[in-house]
Amino acid sequence: MKPAITLLAILAAAQGITALKVPQNVRDFYQRVKVGRCEGSDKLKGGFFDRSGKNEKAQWSYCQKSVAGQAIFLHGPNTFANMDIDCDGDLSDPGDGRCGSSEDTQGQTAFVDQVRKVSKNKIKDLNANIHPYVVFGNDREDGGPTFNPQKYGVKPLSVMAVVCGEKLIYGIWADTNGDDGPPVVGEASISLATACYGTKAINGNSGHDESDVLYVAFTGEDALPGPRTKWDAKNFKEFEDSIEEVGNRLIKRLK
């Protein structure tokens with residue numbers, strides 16, 4: 001089997017894809033908090049959907065079970081969330097073209113002004129084909145449920161942890177769910193989703209349907225990317241490597 005493993009490694013490197021093994025403490029956290037529902041003071045806000053559809057139920061919530069004041073994650077009944085695909089942001093570089101099938105792409109992310117500031121104008125916005133980012137929080141003007149992570153100490157562009165497909169990926173909080181449909185949760189940039197599930201399974205209109213993805217946002221200033229962050233990275237791996245040190249420190253909170 002060694003040649004096959006080598007071939008997979010070569011293909012992954014060629015595509016600029018990298019992922020970390022899930023540490024034991026994160027595995028334990030995943031299994032422990034997945035069970036049951038998020039209730040009482042652990043549930044910061046509920047009433048969200050994991051996917052759109054007339055037969056779906058609004059049973060998903062922003063939860064702080066076991067990590068109150070330290071982190072927030074998406075939770076459903078005995079499950080987590082799925083992964084829809086986001087292609088918003090800088091559209092000048094279309095990558096390999098898979099975002100072309102997206103039907104709701106927007107030309108900027110939620111924190112575009114902050115991106116320009118922290119990158120010292122090296123980039124005009126994040127590129128979904130390069131930057132692993134998470135859509136987290138819900139903004140609406142139609143009376144539906146909303147959630148602003150900033151009210152609980154999560155900073156824009158802070159580092160997040162995503163457990164998907166037996167992998168650990170670090171991303172940043174860079175976008176929010178709007179009111180162009182039901183109040184849904186569970187979405188990430190196409191580069192992050194590709195690191196999780198590969199190019200064949202992921203495109204701008206096709207994500208990961210199973211609700212087994214753990215998205216964790218961390219509170220506090222120390223969750224922000226450091227000065228080594230390669231905002232002007234040319235590929236996913238270059239950016240991911242530049243936030244790995246911060247991510248490795250943050251996941252120690254998951255106990």
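At 46% relative accessibility, asparagine 78 counts as partly exposed, a class that lies between buried (under 20% relative accessible area) and exposed (over 50%), computed with a 1.4 Å probe on protein chains only. Asparagine 78 sits in the loop between β3 (71–75) and β4, where helices (H or I, at least four residues) and strands (E, at least two) are DSSP runs numbered from the N terminus. Its phi is near 60°, a positive value in a residue other than glycine. Most residues other than glycine have a negative phi. A second case is glutamate 166, found in the loop between β6 and β7, with a positive phi near 65°; glutamate 166 is exposed, at a relative accessible area of 57%.

This is a predicted model, in which local features need pLDDT of at least 70 and side-chain atom pairs count only at pLDDT 80 or more, whereas totals for chains, interfaces and linings use all residues. Residues are numbered from 1 along each chain as its sequence is written, and side-chain values use heavy atoms, with hydrogens and water left out.

**Confidence**

The mean pLDDT of the chain, the predictor's confidence in each residue on a scale from 0 to 100, is 91, and 92% of the residues reach 70 or more. Over residues 1–16, however, the pLDDT is below 50, and beyond near neighbours in sequence this stretch has four contacts in the model, a contact being heavy atoms within 4.5 Å. Where pLDDT is low, the predicted coordinates should not be read in detail.

**Disulfides**

If a disulfide is taken as a pair of cysteine sulfur atoms within 2.5 Å, the count comes to three. When the bonded cysteines of the chain are numbered in sequence order, the pairing is 1-2, 3-4, 5-6. The table gives the sulfur distance and the torsion about the S-S bond for each pair.

| Disulfide | S to S distance | S-S torsion and hand |
|---|---|---|
| Cysteine 38 and cysteine 63 | 2.1 Å | 95°, right-handed |
| Cysteine 87 and cysteine 99 | 2.0 Å | about -85°, left-handed |
| Cysteine 164 and cysteine 196 | 1.9 Å | -75°, left-handed |

The disulfide of cysteine 38 and cysteine 63 links distant parts of the chain, 25 residues apart, with cysteine 38 in the loop between α2 (24–34) and β1 (43–48) and cysteine 63 in strand β2 (residues 60–63). Cysteine 38 is buried, with a relative accessible area of 5%, and cysteine 63 is buried at 0%.

Cysteine 87 and cysteine 99 both lie in the loop between β4 and α3 (112–118), so this pair ties together parts that are twelve residues apart in sequence. Cysteine 87 counts as buried at 5% relative accessibility, and cysteine 99 is buried with a relative accessible area of 14%.

The disulfide of cysteine 164 and cysteine 196 likewise links distant parts of the chain, 32 residues apart, running from strand β6 (residues 159–164) to helix α4 (residues 190–197). Cysteine 164 is buried, with a relative accessible area of 1%, and cysteine 196 counts as buried at 3% relative accessibility.

**Helix α4**

The helix that carries cysteine 196 is mostly covered, since eight of its eight residues are buried. These are Ile190, Ser191, Leu192, Ala193, Thr194, Ala195, Cys196 and Tyr197. Just after α4, glycine 198 takes a positive phi of about 90°.

**The largest pocket**

Pockets were sought on a 1 Å grid over the protein atoms alone, where a pocket is an open set of points with protein on both sides within 12 Å along at least five of seven lines, and lining residues have an atom within 4 Å of a point. Grid points are joined across faces, edges and corners, and a volume is the space filled by probe spheres set on the points. The largest pocket has a volume of about 830 Å³. Of the 33 residues that line this pocket, the closest to its centre are Asp84, Ile85, Asp104, Val184 and Glu187.

The elements that give two or more residues to the lining are β4 (81–86), β7 (167–177) and β9 (208–218), and β4 gives the most, with five residues. By residue class, the lining divides into seven nonpolar, 15 polar and eleven charged residues; here Ala, Val, Leu, Ile, Met, Phe, Trp, Tyr, Cys and Pro count as nonpolar, Asp, Glu, Lys and Arg as charged, and the others, Gly among them, as polar.

Note on methods: 1 Å grid on protein atoms, 1.4 Å probe; cavity = no way out; pocket = protein on both sides within 12 Å on 5 of 7 lines; lining within 4 Å.
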